[in-house]
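Hi,

Here is the structure I promised to pass on. Have a look at it first, and then read my notes below.

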Amino acid sequence: MSPEEGSSVIDALRDIVGPRASNSPAELCCYSCDASQVYGLPEYVVRPLTTDEVSRILRLAYEHEIPITARGAGTGLAGGAVPLRGGIVLDMSGMNKLLEIDVENLQVHVEPGVVVEQLNRALRPHGFFFPPNPGSSSVCTIGGLISNNGSGMRCVKYGTTKSYVLDLEVVLADGTVIRTGSKVLKSSAGYDLTRLMVGAEGTLGVITAARLRIVPLPKRRRLVMASFESSELAGMAVVKTFSAGIVPSACEILDSTTVKVLRRCDPKIVLPDGDIILFEVDGTDLSTAEDARRVSEVCTGLAQSIRIASDDREMSEIWAARELVGAAISRLDPSKSRVYVGEDVGVPMKEIPTLMRKVQEISDSTGIPAMKYGHIGDGNLHVAWFIDVSSEEEWTRLRRAADMIHRAAIELGGTVSSEHGIGGSRAGYMEMQWGTSLEIMRAIKRALDPKGILNPGKLGL
């Protein structure tokens with residue numbers, strides 16, 4: 001784009017949003033990355049506050065064929081909000097109004113910039129909550145969560161974000177504003193456009209409002225902590241638990257390396273040795289007591305120790321520690337840093353023990369140490385690789401390790417991403433995972449975005 005064209009575009013953007021449009025190099029740099037290893041510099045950053053502003057911006061971009069990348073809090077781990085081909089970054093975080101809490105109809109209406117934890121704080125006095133709870137709940141936005149179909153620890157019982165989206169207001173590539181659903185809790189009228197937008201990572205439209213289903217808060221939660229001699233045994237215990245008809249509200253693994261990290265972060269935290277599974281059950285006082293007892297029985301014979309958290313305070317402390325795992329890895333070796341690659345694979349439940357073994361084999365064969373933790377109750381394993389980032393040789397081995405784990409997940413009938421999204425970092429695996437089905441996705445993309453301006457370069461499209 002010539003300087004003259006660039007000047008006219010920034011002027012046109014400022015006609016729409018005033019000083020909330022910028023092409024300052026310092027500001028552009030702030031929008032060039034997320035927590036992944038994907039980078040791209042935008043030419044403009046725009047901070048809209050209304051659907052009308054978003055619509056006018058997209059009409060301008062469509063006319064001039066300028067790429068548009070929507071961005072929430074920038075907490076992504078796959079480069080989904082990184083502008084690979086420049087253009088405009090739409091910072092949606094300013095559209096952060098909680099428009100309506102409609103308890104009678106079991107739903108809320110929100111703008112995309114609402115932070116997940118902020119929403120749950122507002123719902124708590126009403127006795128309700130929005131179940132998807134990623135580790136970044138305190139900072140990530142609803143728009144980003146929907147765009148990646150994110151989930152978190154309690155999706156094993158409550159399901160992922162797609163199960164809670166009733167209706168979306170979406171601005172299409174040419175600026176047209178549509179609604180994808182309605183206020184009703186179920187509908188069989190036509191194509192499910194809402195599900196089409198969930199997980200699309202902004203490649204089909206820009207979300208400007210969402211109507212979400214909410215559920216009552218459980219009366220009681222209990223936590224069972226079981227430790228095992230190996231992560232493979234831990235995986236077997238998870239499979240056995242679900243096979244017995246027990247569905248925990250959360251089921252998390254912390255391998256022995258992760259336990260060491262947590263102890264260094266908080267020496268007061270009481271965790272057993274070995275690889276730990278945290279089974280949370282929720283419901284009534286009586287039902288949770290029975291479920292906790294049954295989980296303990298199932299793990300007997302596989303586990304080296306089993307303990308039920310003494311009270312809500314201890315349970316809260318353990319969950320708080322779990323949420324710090326990803327950021328705390330440097331405590332294990334300050335000379336190394338965590339790198340987010342190959343960190344979000346998922347497999348069918350019965351393949352969990354095999355996946356655990358393969359990850360350890362990959363770590364051993366490449367010489368790259370790793371922590372294994374995550375939502376093992378739904379087959380989603382997070383692998384925290386850490387290296388000396390100044391060593392190109394370690395980078396090479398890390399890339400090989402990440403490639404091996406992605407391929408292993410697909411070979412086991414799984415996915416290269418369970419909740420963090422594809423973005424730019426995993427786009428190369430889409431054809432391997434989807435085969436000819438990827439062409440259907442590309443056809444949908446062409447139909448809704450004929451000029452290819454919406455988040456180009458993502459999802460292998």
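What follows is what I found, one region at a time.

First, the small print: this is a predicted model, in which local features need pLDDT of at least 70 and side-chain atom pairs count only at pLDDT 80 or more, while totals for chains, interfaces and linings use all residues. Residues are numbered from 1 along each chain as its sequence is written, and side-chain values use heavy atoms, with hydrogens and water left out.

Let's start with helix α10, residues 285-299 (helices are DSSP runs of H or I with at least four residues, strands are runs of E with at least two, both numbered from the N terminus). With 15 residues at 1.5 Å a residue, α10 should span 21 Å (1.5 Å times one less than the number of residues), and the 22 Å between its end C-alpha atoms agrees with that. Its buried residues (under 20% relative accessible area with a 1.4 Å probe, protein chains only; exposed is over 50%, partly exposed in between) are T288, A292, V295, S296, V298 and C299. Down the helix axis they fall within an arc of 160° (taken from the directions from the axis to the C-beta atoms), so they line one face of α10. They pack (contact means heavy atoms within 4.5 Å) against β12, α8, β14 and β15. After the helix comes G301, with a positive phi near 100°.

Next, the open sheet. Four strands make it up in the order β1-β2-β4-β3, with mixed pairing (two strands pair if DSSP finds at least two bridges between them). β1 and β3 are at the edges with a single partner strand each, so one side of each has no neighbour in the sheet. β3 pairs with β4 in the parallel sense over 4 bridges, and A70 sits opposite L90 in β4. Helix α3 packs on this sheet, touching β2, β3 and β4, and its direction makes about 170° with that of β4 (axes are lines fitted to C-alpha atoms, for helices over the stretch in contact, and angles run from 0 to 180 degrees between N-to-C directions).

There is also a hairpin: β5 and β6 run antiparallel, joined by 4 bridges. E100 has H109 as its bridge partner in β6, and L106 in the hairpin takes a positive phi near 55°.

Last, look at L204, in the loop between α7 and β10. L204 counts as buried because its relative accessibility is 6%. Its C-alpha atom is 6.5 Å from that of L454, 250 residues apart along the chain. Other contacts of L204 include L172, M197 and I444.

Cheers

Methods:
Lists of a residue's contacts leave out its neighbours within four places in sequence.
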